[in-house]
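Hi everyone, thanks for making time this morning. Let me put the sequence and the model up on the screen, and then we'll walk through them together.

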Amino acid sequence: VALGIDNFSGTVGGNISGTSDLAPLDQQAAMIQELFPDAKNVGIIYCSGEPNSVYQVEVVKAALEKAGCTVNTYTFSDTNDVVSVTGTASDANDVLNTAASCAEAIKSAAKKPIIAGEEGICKACGVATLSIDYYELGRTTGEMAVKILKGEADISTMAIEYYPNPVKKY
């Protein structure tokens, strides 16, 4: 979806399938509201050059706006901008969300709590995230491969699978 594949329905077609480590973005937005119910302004920091981050921001922003929050987005294009962008976002918002790299720089400039897009970023600068179990996701990928190798499934019709049970980590 982030790459603009036309009519993407979960199946890529051809000789491509697999698993995705994308956490449910609607649940991530809900976690922001659960942990910070008084937050009215949410700032989202991300790298504008990462299509996956752009997609995540659009989905989280829409979910938060639907719930009545004002969402402000802040982009950076390289590591030199991260500290100033984070400072600006901190000054204007009650809580921050990031799907961005550069977690240490974000941590140094953030004056507000951060809900992170994944566990590694959370460990570096966040207060909470939805965590994917990469071992189990790898196991799912392996099970898909076994079905293909045994002739039990056609890769061109296999939908991409997602980790179904993300865990909140603090």
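Glu104 sits in helix 4, residues 103-109; helices here are DSSP runs of H or I with at least four residues, strands are runs of E with at least two, and both are numbered from the N terminus. Is Glu104 buried or exposed? Its relative accessibility is 54%, so Glu104 counts as exposed (buried is under 20% relative accessible area, exposed over 50%, partly exposed in between, with a 1.4 Å probe and protein chains only). From the C-alpha of Glu104 to that of Thr157 there are 41 Å, with the two positions 53 residues apart along the chain.

A word on the source: this is a predicted model, where local features need pLDDT of at least 70, side-chain atom pairs count only at pLDDT 80 or more, and totals for chains, interfaces and linings use all residues. Residues are numbered from 1 along each chain as its sequence is written, and side-chain values use heavy atoms, leaving out hydrogens and water.

Now, the sheet. It is open, with 4 strands in the order 3-2-4-5 and parallel pairing; two strands pair if DSSP finds at least two bridges between them. Strand 3 (70-76) and strand 5 (114-116) are at the edges with a single partner strand each, so one side of each has no neighbour in the sheet. Strand 2, residues 41-47, runs parallel to strand 3 and is joined to it by 7 bridges. Within strand 3, Thr73 is the bridge partner of Ile44.

And helix 2, residues 51-66? That one packs on the sheet, touching strand 2, strand 3 and strand 4, where contact means heavy atoms within 4.5 Å.

Notes: Axes fitted to C-alpha atoms, helices over the stretch in contact; angles between N-to-C directions.
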